[in-house]
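Open the model in your viewer and keep the selection box ready. We will go stop by stop.

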Amino acid sequence: DFDKTAFLFISKSGRTIETICQTLFITNYYQNKLKHNESENLYFLTENREENNPLYKIAKKHKRKIIEHDQDIGGRYSCFTPVTLIPAAFYDIDIKKYLLGAVKLLESFLQKKTHLVAKGVYFLQKCQKDALNIQVSMPYLSRLYHFNYWYNQLLAESIGKNGNGITPLKAIGSVDQHSVLQLFLDGPKDKFFTFLTSNHQKKGNEIIVPDYLQSDLKYLDNNRLGDVIYANQEATIKTIKNKNHPIRKFNFDNLDESGFGEIMMYFMLETIFYAKILDINPFDQPAVEEGKILAKKTLIN
């Protein structure tokens with residue numbers, strides 16, 4: 001029901017082709033089909049400038065306010081800005097708790113001479129020196145499924161410059177135990193692993209094994225689904241470790257909003273300071289600009 005649907009259009013520059021196409025489609029629909037609505041369901045988040053910013057011009061044409069995107073914060077670093085906080089609010093996520101988790105991590109980093117972030121930077125540096133250029137990020141939490149998409153972009157766009165880079169590879173436990181684990185264990189020794197885990201024991205539904213399956217599934221007795229996830233998680237990590245692959249594990253007793261804030265801040269800081277060691281700018285992505293220019297030329301032709 002378009003009368004009851006809100007649209008939030010987000011583009012820092014206001015020139016992202018995919019976003020502009022979607023915006024033009026929706027705003028045209030509103031103009032032609034919902035004239036009584038007066039575009040009141042449309043929201044725009046972009047840099048607060050008109051010059052070379054089509055999204056800004058669309059917003060003004062529809063007499064809508066601009067939610068300002070900070071000009072100094074790139075898309076992949078916008079985890080603590082309205083880009084993230086507004087959609088999160090619609091899902092009843094405790095935004096304050098999320099931000100406080102980030103502040104907690106940042107303050108501890110600024111106050112301590114040695115910190116987990118520094119250890120993480122050293123770990124990345126050591127892996128690269130050992131010619132391990134592929135990082136497998138493998139959460140054993142379904143809530144972190146989309147985290148991997150963000151982290152891939154953060155790492156690739158920030159570090160992949162001037163011949164430097166770590167190739168990020170997504171995996172999710174326990175699903176990818178049944179798809180790519182064979183390669184991880186017995187394939188090329190060119191990878192290192194980052195696991196994100198939680199204490200799943202005694203959580204979830206109880207597993208009831210009927211009498212006729214006792215001989216086959218006795219090992220599942222007195223367990224819950226969380227126990228199975230935990231067993232897969234720990235067995236996979238141990239097996240990879242036994243194959244002499246470098247690993248690190250971030251474990252959460254309970255991954256709530258505060259924990260999400262901490263982990264997002266952690267990986268941003270780790271990426272920024274590793275880039276500084278490599279003497280590259282972690283905040284730009286100059287190589288992809290050529291592709292954007294060519295895409296526009298292709299559309300013109």
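Select helix α5 (residues 116-129) and helix α10 (residues 257-277); helices here are DSSP runs of H or I with at least four residues, numbered from the N terminus. Their axes come within 9 Å and cross at roughly 50°. Axes are lines fitted to C-alpha atoms, for helices over the stretch in contact, and angles run from 0 to 180 degrees between N-to-C directions. α5 and α10 are therefore oblique to each other (not under 35 degrees, not over 145, not 65 to 115).

This is a predicted model: local features need pLDDT of at least 70, side-chain atom pairs count only at pLDDT 80 or more, and totals for chains, interfaces and linings use all residues. Residues are numbered from 1 along each chain as its sequence is written, and side-chain values use heavy atoms, with hydrogens and water left out.

Now show the side chains at the crossing. On α5, the contact (heavy atoms within 4.5 Å) includes L116, V121 and L124. On α10, among the contact residues are Y266, F273 and I277.

Next, select the open sheet. Its four strands (DSSP runs of E, at least two residues) run in the order β5-β4-β6-β7, with parallel pairing (at least two DSSP bridges between two strands). Which strands stand at the edges? β5 (167-170) and β7 (247-252) do; each has a single partner strand, so one side of each is left without a neighbour in the sheet.

Zoom in on β4 (residues 134-139) and β6 (residues 191-198). They pair over six bridges. Pick S137: its bridge partner in β6 is T194.

Last, bring back α5. This helix lies across β4, β6 and β7, at about 150° to β7. Add helix α6 (residues 147-159), which lies across β4, β5, β6 and β7.
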